[in-house]
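Work through the exercises below with the sequence and the structure at hand. Try each task before reading its solution.

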Amino acid sequence: MTAHVLESMNEVITNNYDSDHKAIDIVASDKKETNIIALDGGKVNKVVNHVKGTNHQSQGLATYGNYVKVKQDNGKTALYAHMKYGSVKVKEGEYIEKGTVIGTIGETGNAYGKHLHLEIQNENNVKENPIVYLNNTSTTKNTNVQKENKTIENHTNPTTSYNNSAKITQEYLSAKNYKHGSIVDALKSIGINSSYSYRKKLAQKNNILNYHGSYSQNVYMLNLLKEGKLKKA
Ligand SMILES: [Zn+2]
């Protein structure tokens, strides 16, 4: 079973499933605010819709911001996180069909930038790689990953998919010990080229559009770096 999870059907994966992030992060390829639609039919068993913005100090469930959990007909549970405040359209206890609008992509909880954080949990509460359920996904500016994703979609055995998913290697830069506010200094502190042209490449790799070194773009990049989530260019 493959499906779309964005109404605009132009899913791009910005963060893959791995041992530290047992989920995938998804944006629309045009970066527009789009609705999230149910991957599969099922019963809504949790709705949180009151979170107004980001909280980068949040812990546990609060990291999800506004989220919806659906116990799917296939026995697995889907969790859709970081939705826009007040955008959730479904109710607890309601049965929803595949493709039903759940809410709108947002940036609530511990999120950096608007995206959907999607988790799939199996009957034994193991978080599986959701990529096997997605149709036509791509990863921007990384054709190797795209190729790997296609390979994974062709497998039906989850175990095989896991083995393949391990092959999706993305190198991340990390400056977890850096305590100050400068992306240039932070890159220097880990021995990485901090020139404007390289930062522009990093920005592209991390889906920061039209990088021109603005304060908010630099802070966004710095936060990714401090979290060890800045993709290497
Ligand atoms: Zn995520």
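**Exercise 1. A residue and its surroundings**

Which residues does N218 touch, not counting residues up to four places away in sequence?

Solution. The model is a predicted one. Step 1: locate the residue; N218 is found in helix α5. Step 2: list its contacts beyond the sequence neighbours, which are I183, R199, Y211 and G213. Step 3: classify N218 by its relative accessible area, which is 17%. Buried means under 20%, so N218 is buried.

**Exercise 2. The helix around N218**

Check the span of helix α5 against the value expected from its number of residues, and then find what covers its buried residues.

Solution. Step 1: helix α5 runs over residues 215–226, which makes 12 residues. Step 2: the expected span is 1.5 Å times one less than the number of residues, so α5 should span 16 Å. Step 3: the end C-alpha atoms of α5 are 16 Å apart, in agreement with that value. Step 4: the buried residues of α5 are Q217, N218, M221, L222, N223, L224 and L225. Some of these positions can be read with a general rule in mind. An α-helix has 3.6 residues a turn, so residues three or four places apart point the same way. Step 5: the cover over the buried residues of α5 includes the strands β11 (172–173) and β12 (230–231), together with the helices α3 (183–189) and α4 (196–205). Step 6: look just past the end of α5, where G228 has a positive phi of about 75°.

**Exercise 3. The zinc ion**

Which residues coordinate the zinc ion, and through which atoms?

Solution. Step 1: the donors are H21 through NE2, D25 through OD and H117 through ND1, at 2.0 to 2.2 Å. Step 2: write the spacing of the donor residues in sequence, which is H-x3-D-x91-H. Step 3: place D25 and H117 in the fold; D25 is in strand β2 (residues 24–28) and H117 is in strand β9 (residues 116–121). These two residues are 92 residues apart, and the pair links distant parts of the chain. Step 4: both D25 and H117 are buried.

**Exercise 4. Salt bridges**

Which residues are linked with E33 in a network of salt bridges?

Solution. Step 1: a search of the whole structure finds six salt bridges. Step 2: one of them joins the side chains of E33 and K84, with 2.7 Å from N to O. E33 lies in the loop between β2 and β3 (35–37), and K84 in the loop between β6 (77–83) and β7 (95–96), so this pair ties together parts that are 51 residues apart in sequence. Step 3: the side chains of K114 and E33 also meet, at 2.8 Å from N to O. K114 is in the loop between β8 (101–104) and β9, and lies 81 residues from E33. Step 4: E33, K84 and K114 therefore belong to one network of salt bridges. Step 5: compare accessibility; E33 has 39%, K84 has 34% and K114 has 45%. Each of them counts as partly exposed.

A further pair can be treated in the same manner. The side chains of E119 and K127 form a salt bridge of 3.4 Å, N to O. E119 is buried at 8% relative accessible area, whereas K127 is partly exposed at 26%.

**Exercise 5. Nonpolar cores**

How many residues does the largest nonpolar core have, and which have the most contacts inside it?

Solution. Step 1: the largest nonpolar core has 30 residues, and those with the most contacts inside it are V5, I26, L39, V68 and Y80. Step 2: the elements that give two or more residues to this core are β2, β4 (42–48), β5 (66–72), β6 and β9. Step 3: take V68 as an example; leaving aside neighbours within four places in sequence, its contacts include V44, V47, L79, Y80 and I102. Step 4: apart from the largest core lies another, of 17 residues, among them I183, A186, L187 and M221. M221 is also one of the buried residues of α5, and I183 is one of the residues that N218 touches.

Notes:
Residues are numbered from 1 along each chain as its sequence is written. This is a predicted model: local features need pLDDT of at least 70, side-chain atom pairs count only at pLDDT 80 or more; totals for chains, interfaces and linings use all residues. Side-chain values use heavy atoms; hydrogens and water are left out. Helices (H or I, at least four residues) and strands (E, at least two) are DSSP runs, numbered from the N terminus. Buried means under 20% relative accessible area, exposed over 50%, partly exposed in between (1.4 Å probe, protein chains only). Contact means heavy atoms within 4.5 Å. Donors are N, O and S atoms within 2.8 Å of the metal (3.2 Å for Na, K and Ca); water is not among the atoms, so sites may look incomplete. A salt bridge is a side-chain nitrogen of Lys or Arg within 4 Å of a carboxyl oxygen of Asp or Glu. A nonpolar core is a set of buried Ala, Val, Leu, Ile, Met, Phe, Trp, Tyr and Cys residues joined through side-chain atoms within 4.5 Å.
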